[in-house]
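User: Hi! I'm new to protein models and I'd like to learn how to read one, feature by feature. Can you walk me through it?

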Amino acid sequence: MRPTETVSGLADFDRRGPGTDAERRAATWLADGLVKTGRDARIEPFWCRPNWAVAHVWHIALAIAGSLIAIPSPTAGAVVVAIALISTLADATVGISPGRRLSPERASQNVVATPPTASTQVRSPVKLIVTANYDAGRAALAYRPAFRRPVAALRHAFAGRPPGWIAWETLAITWLLATSILRIDGVSKQTVGAIQLIPDVGLLIGFALLIDLAGASWSPAAGDNASGVALAIAIAAAIDAAPPPGISVEIVLAGAGEGGGIGLRKYLRANRRELQPSNAIVLGIAASGGGRPRWWVSDGPFVPLRYSATLRRLCKRVADDEPHLNTGEHRGRGATPALPARARRLPAIAIGCVDDRGLAPRSHQPTDSPESIDQAALDDALQFALMLVDEIGEYVEQNPVSPAATSTPA
């Protein structure tokens with residue numbers, strides 16, 4: 001199928017949120033389609049708690065409760081706020097926390113497609129994992145242009161360097177913890193009350209947005225991220241027709257990607273002994289349904305992490321060789337499909353398309369339908385991805401060790 005046909009077919013699975021029946025049916029459809037291309041495809045089920053919004057609602061509620069308790073009982077309030085802070089940090093780093101445990105558990109699955117048994121790829125020393133999440137996100141108020149554009153403008157004004165939203169949540173809770181400690185030390189109640197108001201207001205706004213997000217309707221998710229899935233499948237088809245030297249390509253279409261990259265986390269954890277920085281590279285395909293092709297310099301809603309310096313350099317080489325693609329670098333503060341691999345210190349890079357504001361057009365909105373997909377953007381993203389794969393193949397052929405991951409925060 002052409003990428004646009006894959007997008008349309010996947011979007012037909014209405015409300016395919018993480019852990020839903022529609023997501024499971026979409027996984028079966030994708031696996032059947034990959035088998036028809038000659039690949040060996042399998043479905044790997046797993047259990048997860050994908051509703052991260054509910055988890056952070058619990059964290060914020062606990063922090064606000066602690067700040068109120070601190071007024072009559074500073075020590076007890078400080079303890080409650082500290083628990084909220086620790087839970088938030090745990091969820092941001094490993095995806096497991098008391099708040100997450102209070103969210104519903106769901107069954108999801110990954111679709112994994114390996115090269116045909118007879119392919120020369122099976123003897124390649126380095127595995128290139130091309131991944132994209134196929135589930136749909138929620139069309140919540142926080143994703144509407146009225147909210148996204150001012151935030152994008154602010155990030156642009158600071159060259160994309162401000163931290164992600166979880167970092168701001170953590171900062172606000174830390175602020176409340178500090179005010180509780182000040183109360184213990186006997187600082188004036190009026191002074192502490194004044195400086196406590198700012199984080200309380202910020203957390204209340206976040207609480208309201210997260211409540212809306214936790215129960216909002218599902219987006220059609222044609223651009224974000226059915227387009228990424230379509231490109232991953234198209235990349236596999238092109239590589240199977242003309243395998244690059246030195247690498248084998250494995251496709252991982254991840255479930256529960258909207259839950260914080262849970263699907264890819266599960267896959268990497270299950271294969272942690274096999275996948276090492278010396279023999280594995282991860283290419284994450286983000287939304288590519290509109291805008292211009294970009295590669296992610298860094299990403300992450302908490303502490304942004306830089307992607308592999310070598311892979312970023314290869315992206316730059318493609319951009320210089322093919323100026324008509326009008327591609328460039330991008331600093332993200334969300335969670336692209338490659339972020340879980342980067343967190344496990346594997347060589348990783350994410351590519352996709354964003355507009356002039358640095359936003360994926362119509363992402364998490366009701367208008368993100370197959371009819372809104374920009375064919376030119378999809379074609380350019382596919383060309384960029386295929387040329388990057390060629391560059392990776394040449395690099396691996398010339399260097400016995402795959403690109404090392406960078407550990408420096410962005």
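Analyst: Sure, let's go through this one by topic, from confidence to salt bridges, rings, burial and backbone oddities. Keep in mind that this is a predicted model.

User: Then let's start with confidence. What is the mean pLDDT of the chain?

Analyst: pLDDT is the predictor's confidence in each residue, from 0 to 100. Here the mean for the chain is 92, and 96% of the residues reach 70 or more. One stretch to read with care is residues 405-409, where the pLDDT is below 50. In the model that stretch has 17 contacts beyond near neighbours in sequence.

User: Okay, salt bridges next. How many does the structure hold?

Analyst: The general idea goes like this: side chains of opposite charge can pair when their charged atoms come close. This structure holds eleven salt bridges. Take Arg39 and Asp240, whose side chains meet with N to O at 2.9 Å. That pair links distant parts of the chain, 201 residues apart: Arg39 is in the loop between helix H2 and strand S1, and Asp240 is in helix H9.

User: Are those two residues buried or exposed?

Analyst: They don't get the same label. Arg39 has a relative accessible area of 2%, so it is buried. Asp240 has 23%, so it is partly exposed. The cut-off that matters here is that buried means under 20%.

User: Which residue forms a salt bridge with Lys127?

Analyst: That's Glu250, with the closest N and O atoms 3.2 Å apart. Glu250 sits in strand S4 and Lys127 in strand S3, 123 residues apart, so here too the pair links distant parts of the chain. Both Glu250 and Lys127 are buried. There's also a network of salt bridges that links Lys127, Glu250 and Glu274.

User: Can you show me one between helices?

Analyst: Try Glu391 and Arg317, whose closest N and O atoms are 3.2 Å apart. Glu391 lies in helix H13 and Arg317 in helix H11, so the pair ties together parts that are 74 residues apart in sequence. Glu391 is buried at 12% relative accessible area, while Arg317 is partly exposed at 41%.

User: What about aromatic rings? How many aromatic pairs does a search of the whole structure find?

Analyst: A pair of aromatic rings is described by the distance of the centres and the angle of the planes. The search finds three aromatic pairs. For Trp52 and Trp165, the ring centres are 5.4 Å apart and the planes are at 45°, so the pair is tilted. Trp52 is in helix H3 and Trp165 is in helix H7, so parts 113 residues apart in sequence are tied together. Trp52 counts as buried at 16% relative accessibility, whereas Trp165 is partly exposed at 35%.

User: Which residues are buried in helix H10?

Analyst: Look at Ile262, Gly263, Leu264, Tyr267 and Leu268, which are buried there. To see what covers them, look at the elements around the helix, including S1, S2, S3 and S4. Helices H5 and H12 are also among the cover.

Back in helix H3, you'll find His59. His59 is buried, with a relative accessible area of 2%. Among the residues it touches are Ala84, Asp91, Arg100 and Glu169.

User: And on the surface, which residues make a nonpolar patch?

Analyst: Leu62, Val79 and Ile83 make one of about 240 Å². Leu62 is found in helix H3, and at 33% relative accessibility it counts as partly exposed.

User: Last topic: the backbone oddities. Where is there a cis peptide bond?

Analyst: A cis peptide bond joins Asp224 and Asn225, with omega about 15°. Asn225 lies in helix H9.

Two more spots to check are residues with a positive phi that are not glycines. Ala221 has a phi of about 55° and is found in the loop between H8 and H9. Ala221 counts as buried, at 0% relative accessibility. Asn326 has a phi of about 50° and is placed in the loop between H11 and strand S8. Asn326, at 45%, is partly exposed.

Terms used: Residues are numbered from 1 along each chain as its sequence is written. This is a predicted model: local features need pLDDT of at least 70, side-chain atom pairs count only at pLDDT 80 or more; totals for chains, interfaces and linings use all residues. Side-chain values use heavy atoms; hydrogens and water are left out. A salt bridge is a side-chain nitrogen of Lys or Arg within 4 Å of a carboxyl oxygen of Asp or Glu. Helices (H or I, at least four residues) and strands (E, at least two) are DSSP runs, numbered from the N terminus. Buried means under 20% relative accessible area, exposed over 50%, partly exposed in between (1.4 Å probe, protein chains only). Patches are made of residues with over 30% relative accessible area and no salt bridge: like charges are joined within 9 Å, nonpolar side chains (Val, Leu, Ile, Met, Phe, Trp, Tyr) within 5 Å. Accessible areas come from the Shrake-Rupley method with a 1.4 Å probe; for residues, only the protein chains shown count as cover. Contact means heavy atoms within 4.5 Å. Rings of Phe, Tyr and Trp (its six-membered ring) pair if their centres lie within 6.5 Å; planes under 30 degrees apart count as stacked, over 60 as edge-to-face and the rest as tilted. Lists of a residue's contacts leave out its neighbours within four places in sequence.
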